[in-house]
Amino acid sequence: MDESDEDPKTGLRTPENPSSLRLHDRSHLDHTVLVMAPMSCALCQNAKAILKRPKTGQQICKECFFFVFETEVHNTIIQAHLFEPGDRVAIGASGGKDSTVLAYVMKTLNERYNYGLELFLLSIDEGITGYRDDSLETVKRNQQQYNMPLKILSYEELYGWTMDAIVAEIGKKNNCTFCGVFRRQALDRGASALEVDHIVTGHNADDIAETVLMNIMRGDIARLGRCTQICTRGEDTIKRSKPFKYAYEKEIVMYAYFKKLDYFSTECIYSPDAYRGHARTFLKDLEAARPSAIIDIIHSGEAFELREDIKATQKQQQTCKRCGYMSSNDLCKACTLLEGLERGMAGSVITDRARKKLDAMGPAPDNLRTIPHFQSPRPAVSIQSPSQES
Amino acid sequence: MSTITVKVEFGGGLELLFGNKRVHSISLPSFVPADNTIAPSSPPNSETPLLAESDDPPLPANGPIPDPMKGLGEMKAKPLDVQYLMHYLRSRLLTERPELFMDGDTVRPGVLVLINDTDWELEGEGTYEISDGDEIVFISTLHGG
Amino acid sequence: MASCGNPIADDSALMLSRPRFDKGKHCVKCKLNLGNIVIRHAVYCRDCFTPLVIVKFRRALEPHVNANAGTSKRPKLKASGSLVLGFSGGLGSAVLLDLVYKSYFAGRPPTDENGDPRGGINHPRNVSVWTSCAVCYVEVSSAIPEAHERTEEMRSALASYPNLKFIPLRLEDAFDESWWCRMTGNPDMSQLTLELGKDGLPTEGLNLAHSSNTLSPKDALRAFLTALPTPTAVSRAIQVLIRLLMFFTAQFHGASHLVLGSSLTTLAVSLVSCVAQGGGHAIREEFQEEWPPGLSPGVERGGSVRVVRPLRDVTMKECAAFAWWNGIRVPGRPRLTRVITGIPGLTKDFVVRLEKDYPSTVSTIARTCAKLEPKGTSVGECWFCYSHLQGGLADWKARISIRSHPNLKVVERLASSSPADSSVHPDQTSRLPPLDTHLCYSCITMFTSRSSRKSSFAPPLIHHQDMPLPRWVKPQDAEEAIPVSKNGELWVRSRQSEKECRESIADFLLPDN
């Protein structure tokens, strides 16, 4: 009952192996495997295997890896009927591995299977000196390489605050809450400016599995119900989907490596290490114990739903009274956080209790800086086109 | 140098890590190194706390008490606290698998500590300063369910 | 962009911590005494703590005692059969045993001055709720090398609870023909096995065969466990064997209830572990199960059995304090050091550590999972673990992890046409069907999911060509093998061979050249 290394042929029917080859002694088998090198690809049985697939443990060749990786993403897209021909689709591009590989694979599949999509790159500039400036350069290179129009929207442009300024105001604790909330709304607004129907993001299987675990531990049933959905859509916001839903992070890195894709990998300078651990570390441990764990967790997340009686008690989505963005309260999270920043009480808007305190201080002053009202879709503005088109 | 005697009891299977002996009577000096350094026992082979039987009333089981401050020169001292006691138990009485007892400077998650029958979380956990005659119980909750 | 690469950038990843206790050191209940224990940020004194645990125990158990809810607000407690208590020797089951015994079975009811039962006739202790109580212990030592037998130790631990019947079982009973005949009442000589690949592990196809030679139950158990691919699989398999051994025993003894000593902490661990092993469809069964009569093939006797976990609101810490302050003897679980490795072991470490920093986490996990139900309809029961079977698994797996493609063109064509259901070929019925369409996702994963770690082969206990399966794994006859969903629609799924695949898309294939 010890952990066993996979046999590369595992899972394949091997009628060519007569039962006389069956080995009754595993140590003997171990030896046999050793002398059989080099291994041929478990899929095409032809080329030399050069990698072990994290998702299945099979040893396969480079070409077969590209093929299965791309085909699985294609299967995901087709099964979920994500797109219609003629759709304008924005790829949320950060210059990191996930979004760089996503841009490449979307372009590849769009051409191979004639999806008929018009693809755009959409980047958010959080305003973090030395972090996003560099990765935005990567995105600009991608714009050239993939010949896709690029739109960059900055926090400063939208909210009047860069992350540098926010951190100067509130310190490093909780700044990720601001950044996360602001990014989500910024993406929608950028997409609206591009007049796209759809945003695809690079969320991978590891991200989704982690979210499933996190939502169970935090008791966030609303998110638990929807976090494994491949495609989400608010009242009047743009469709958002995750074509990499079943793609392992490790395989995305592997794909970028073998395709020699140009991506940026540094960590945010404002990310406090103290919060690392928890779900992500646990997930990595589970994956090490049994690599299928990531996909198994996603399967679990898809196999249950909220009980009917609980669904009925869920808060209805409404629109933010101030900016028109979808929200579960009168004010959306971005407006709440922004108001806190503007009134010099940013640290106190993270929790509900502190929020009440803010409300008790009276209505927001009239001269408060607010987010422009959200309308979807809006006429396109200032789109940077690839140089060869301009 | 004054001495504090404390009764230590293990339950929930934790006693298996301490030579399968549930009750120990420990005598320690009232001031100990602030960094929880446990001085080597002296003389090294003179006492085997695991074999010393503990009865009621508890007798000091750990032989002559060395002054842990002696020879440490400028080392900072603190009053004897539970954290020091745990380091002492781990260094001197624990016979196997220390990771099942402690985790860093505190007990491993899943170990319940009672100080005079009260949850140590109400008493300041490791910073609780031990008084003479205190009873401290360590109970593992992980021995199954 | 997915995110900035920081797991907490999404605010959904943020966990806020609270002080251990924030309302002073006095008991929150009586408000008089200084507190003795902190339970999820609240302070209780010793006097208030014991009744608190008893109340939680009753509140979790008593609504499930009567067969029907009835209309009365406080119905008289009356079970339709006897009680079986699953006893592992661990903290939870020792506390449960003590609570059950003292609440429902201990001695004669105390009387008041008039000689009438104190507390009225509806008081739980004055009513014989269950006809009898049996304590069931499953000896697992055969599964673990160098483990020693503990049945007698458990028997002696029950000495302080007179009138309880002790039912010792052994893990290998699952492979024992005579045990299975006793449970089901009909002699059944056949045992099924799984064909193993040349690496000694089950293959993807999970092909069933009839056993050609007979192993002793103990050897069969070991051959079964040895052929499982990961420690996670071994943990799960042992858990399933124990659960089903107890269930069949409860049914055989005419029990209406099987109570288990899972604490809130244990429950949170099993829930997360269940999710991590792909068991989302069966998550409700971690809370409570109801086994209708006749669920198991051939088992005629017995009514329905309810599996209840009455300590589901009591944390491990509360159990430990309760046992300590009430002098409850906890013999301790057998040292399943090997068994709690893998995902269940990692989950336990993770949840217990989390509970220390965030004491409310375990109850949040339980409350969250209690709000879930399986999506879609079930298409029958898993042949191995008897949990609900979800339809469409093979398609799902094939779509998201491509494991074979002999011909790139074939797969390209397959991928662009939507996967179609196929029906069983008539000539297949003569053979035993592959097991994979009759197993739940977690069981398929248990049998086939490999570890990526380098192996450190311990010499196998027994190497056998095939993997013996527990006696309850039976091919049902053709009619039963076709599960019918609630709306009457037929769901038939079988893995297609390459040849069948090719035939079904032959019109779309270009000639090779």
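Helices (H or I, at least four residues) and strands (E, at least two) are taken here as DSSP runs, numbered from the N terminus.

**Ground rules.** I note that this is a predicted model, in which local features need pLDDT of at least 70 and side-chain atom pairs count only at pLDDT 80 or more, while totals for chains, interfaces and linings use all residues. Residues are numbered from 1 along each chain as its sequence is written, chains are lettered from A and ligands numbered from 1 in the order in which they are written, and side-chain values use heavy atoms, with hydrogens and water left out.

**Entry: a pair within helix α4 of chain A.** I looked up Lys140(A) and found that it forms a salt bridge with Glu137(A), the closest N and O atoms being 3.7 Å apart; a salt bridge here is a side-chain nitrogen of Lys or Arg within 4 Å of a carboxyl oxygen of Asp or Glu. Why are Lys140(A) and Glu137(A) separated by about one helical turn? They are three residues apart in helix α4 (residues 132-146) of chain A, and therefore about one helical turn separates them. For accessibility I use buried for under 20% relative accessible area, exposed for over 50% and partly exposed in between (1.4 Å probe, protein chains only). Lys140(A) is partly exposed at 31%, and Glu137(A) is partly exposed at 40%.

I then turned to Thr138(A), which is also found in helix α4 of chain A. Thr138(A) is buried, its relative accessible area being 1%. With contact meaning heavy atoms within 4.5 Å, and leaving aside neighbours within four places in sequence, I find Thr138(A) in contact with Gly95(A), Asp262(A), Tyr263(A) and Phe264(A).

**Entry: salt bridges across distant parts.** The search of the whole structure finds 47 salt bridges over all chains. As a general point, side chains of opposite charge can pair when their charged atoms come close.

In chain A, I looked up Glu302(A) and Lys245(A), whose side chains meet in a salt bridge at 2.7 Å, N to O. This pair links distant parts of the chain, with Glu302(A) in helix α12 and Lys245(A) in the loop between β8 (239-241) and α10 (249-258) of chain A, 57 residues apart. Glu302(A) counts as buried at 16% relative accessibility, and Lys245(A) counts as buried at 4%.

In chain C, Arg243(C) forms a salt bridge with Glu289(C), and the closest N and O atoms are 3.1 Å apart. Arg243(C) lies in helix α6 and Glu289(C) in strand β9 (residues 289-291) of chain C, so the pair ties together parts that are 46 residues apart in sequence. Arg243(C) counts as partly exposed at 23% relative accessibility, whereas Glu289(C) is buried at 6%. I also noted one network of salt bridges that share partners, joining Lys97(A), Asp98(A), Asp206(A), Asp207(A), Glu210(A), Glu249(A), Lys250(A), Arg280(A), Lys284(A) and Glu287(A).

**Entry: helix α13 and the sheet of chain C.** How many residues of helix α13 (residues 441-448) of chain C are buried? I find eight of its eight residues buried, and the helix is mostly covered. Its buried residues pack against α12 (293-303) of chain A, together with β6 (192-195), α5 (217-226), α6 (231-252), α11 (393-400) and β14 (466-468) of chain C.

Since β6 and β14 appear among these partners, I looked up their sheet next. Three strands of chain C form an open, antiparallel sheet in the order β7-β6-β14, where strands pair if DSSP finds at least two bridges between them. The edge strands are β7 (208-210) and β14 of chain C, each pairing on one side only. The twist averages 40° from one strand to the next, with axes as lines fitted to C-alpha atoms and angles running from 0 to 180 degrees between N-to-C directions. Three bridges join β6(C) to β14(C), and in β14(C) the bridge partner of Leu194(C) is Met467(C).

**Entry: chain B as a whole.** I count one helix and nine strands in chain B, running β-β-β-β-α-β-β-β-β-β from the N terminus on. Buried residues make up 50% of its 145 residues. Among contacts in chain B between residues at least 6 apart in sequence, 71% join residues at least 24 apart.

**Entry: confidence in chain A.** Chain A averages a pLDDT (the predictor's confidence in each residue, from 0 to 100) of 78, and 76% of the residues score at least 70. Over residues 1-36 of chain A the pLDDT is below 50, and this stretch has 75 contacts in the model beyond near neighbours in sequence. Where pLDDT is low, the predicted coordinates should not be read in detail.
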